[in-house]
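Trainee: Before I use the labels on this model, I would like to see how each one is earned.
Mentor: Then ask for the value and the cut-off each time.

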Amino acid sequence: MTPVLTFMVYRLALHPTNFQIIRDELKSIPNTQDSQELQKLSHLNAFIHEVMRVHPPILDGLQRNTPSEGVIISEQYIPGNVTCLAPFHTIARRECQTHYLISRFKLKNGFTVESCFEDAEEFIPERWTTAPHLTKDKSAHMPFSLGPYGCVGKNLALVFLRLTTAFLVHNYDIGFAPGEMKSTIIDESNNTVTNNPGPLKLIFKKRRHQTEFGDGVDVNDGHGLC
Ligand code: HEM
């Protein structure tokens with residue numbers, strides 16, 4: 001959960017237009033901490049999915065062993081007792097070279113796999129909403145994995161991500177701290193099964209909300225920066 005939240009605030013700071021769209025969406029619901037209302041906000045949900053596509057919380061996926069008699073996947077025979085994985089990070093990118101790739105996608109040019117996303121390196125939440133042509137195969141997005149061993153906490157995790165993102169966007173302005181390179185979070189990230197982000201320095205500034213009388217009130221106590 002922590003890596004997703006870290007990349008989430010990073011992307012909120014990096015994409016102010018997206019930040020503003022989410023903030024505007026939040027104005028359309030009476031209670032920004034109502035998880036059922038948040039589920040209906042298209043850009044908020046697209047943003048969360050795009051964060052997990054570009055920064056998969058588990059980079060390589062988890063391993064599976066083939067049955068002893070072997071298995072055929074996408075016309076490709078995989079011998080028995082072979083440990084395989086479907087690397088989430090690689091699948092989310094354009095073309096890739098990999099030796100043991102288990103997927104439903106057709107293998108082309110040896111071990112090169114066709115892209116599932118247009119402009120796969122770009123952060124474009126609209127690929128999940130108004131620009132579906134940028135997503136060629138939705139099922140390639142599987143940060144919680146699939147099947148009987150997929151994540152049982154998926155729905156709870158999504159509720160938590162929506163609530164936290166909505167709370168931050170509604171109550172804070174988020175920006176990069178002076179001197180923040182904006183790239184160390186990725187350049188110094190580590191693959192420790194989970195996607196461990198590198199350092200990131202942000203400034204969270206509390207917003208003043210307008211009351212019905214027109215005067216601003218702090219949503220929290222404190223000095224404004226944290
Ligand atoms: C963003 C947050 C999360 C992500 C990205 C995530 C992702 C995953 C992934 C990829 C798996 C492996 C599935 C497989 O082996 O194919 C998994 C398994 C699991 N997750 Fe999550 N998870 C998240 C949050 C949670 C939460 C909040 C809970 C519990 C409240 C949870 C409980 C579990 C459990 C129990 C398994 C093992 C399922 C099994 O082996 O039967 N996860 N998760």
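Trainee: How many bridges join β7 to strand β10, and in which direction do the two strands run?
Mentor: 5 bridges join β7 to β10 (residues 202–206), and the two run antiparallel. Two strands pair if DSSP finds at least two bridges between them, so these strands count as paired. As for the source, this is a predicted model in which local features need pLDDT of at least 70 and side-chain atom pairs count only at pLDDT 80 or more, while totals for chains, interfaces and linings use all residues. Residues are numbered from 1 along each chain as its sequence is written, and side-chain values use heavy atoms, with hydrogens and water left out.

Trainee: What makes β7 and β10 strands, and α6 a helix?
Mentor: The names come from DSSP runs numbered from the N terminus: helices are H or I with at least four residues, strands are E with at least two.

Trainee: Which residues of β10 stand across from Tyr 172 and Asp 173?
Mentor: The bridge partner of Tyr 172 is Lys 206, and Asp 173 stands opposite Lys 205.

Trainee: What makes the side chains of β7 an alternating set?
Mentor: In residues 172–176, Tyr 172, Ile 174 and Phe 176 point to one face and are buried, whereas Asp 173 and Gly 175 point to the other and are not. Buried means under 20% relative accessible area, exposed means over 50%, and partly exposed is in between, with a 1.4 Å probe and protein chains only. β10 also alternates: Leu 202, Phe 204 and Lys 206 are buried on one face, while Ile 203 and Lys 205 point to the other and are not buried.

Trainee: Why is Lys 201 called exposed or buried?
Mentor: Its relative accessibility is 57%, so Lys 201 counts as exposed. Lys 201 sits in the loop between β9 (194–196) and β10. Its C-alpha atom is separated by 6.3 Å from that of Phe 176, 25 residues apart along the chain.

Trainee: Which protein atom is the donor of the iron atom of the ligand, and at what distance?
Mentor: The only protein donor is SG of Cys 151, at 2.2 Å. Donors are N, O and S atoms within 2.8 Å of the metal (3.2 Å for Na, K and Ca), so the sulfur qualifies. Water is not among the atoms, so sites may look incomplete. Cys 151 is in the loop between β6 (112–113) and α6 (154–171).

Trainee: How many residues surround the ligand, and which are the closest?
Mentor: There are 16, and the closest are Arg 64, Ser 145, Tyr 149, Cys 151 and Val 152. A residue is near a molecule if one of its heavy atoms lies within 4 Å of it. By class, the shell has 12 nonpolar, 3 polar and 1 charged residues. In that scheme Ala, Val, Leu, Ile, Met, Phe, Trp, Tyr, Cys and Pro are nonpolar, Asp, Glu, Lys and Arg are charged, and the others, Gly among them, are polar.

Trainee: What polar atoms lie by the oxygen atoms of the ligand, and at what distances?
Mentor: A side-chain N or O atom of Arg 64 is 2.5 Å from a ligand oxygen. A polar side-chain atom of Ser 145 also lies 2.5 Å from an oxygen of the ligand, and a polar backbone atom of Tyr 149 is 3.4 Å from one. A polar contact is a pair of N or O atoms within 3.5 Å.

Trainee: Why are Cys 84 and Cys 151 given their accessibility labels?
Mentor: Cys 84, in strand β4, has 5% relative accessibility and so counts as buried. Cys 151 has 39%, so the label is partly exposed. The structure holds 0 disulfides, a disulfide being a pair of cysteine sulfur atoms within 2.5 Å.

Trainee: What makes the phi values of Asn 81 and Lys 182 worth a note?
Mentor: Most residues other than glycine have a negative phi. Phi of Asn 81 is near 55 degrees, and phi of Lys 182 is near 70 degrees. Asn 81 is in the loop between β3 (76–78) and β4 (83–84), and at 60% relative accessibility counts as exposed. Lys 182 is in the loop between β7 and α7 (184–187); its relative accessible area is 38%, so Lys 182 is partly exposed.

Technical notes:
Polar contact = N/O pair within 3.5 Å; in protein donor to acceptor, adjacent residues only side chain to side chain.
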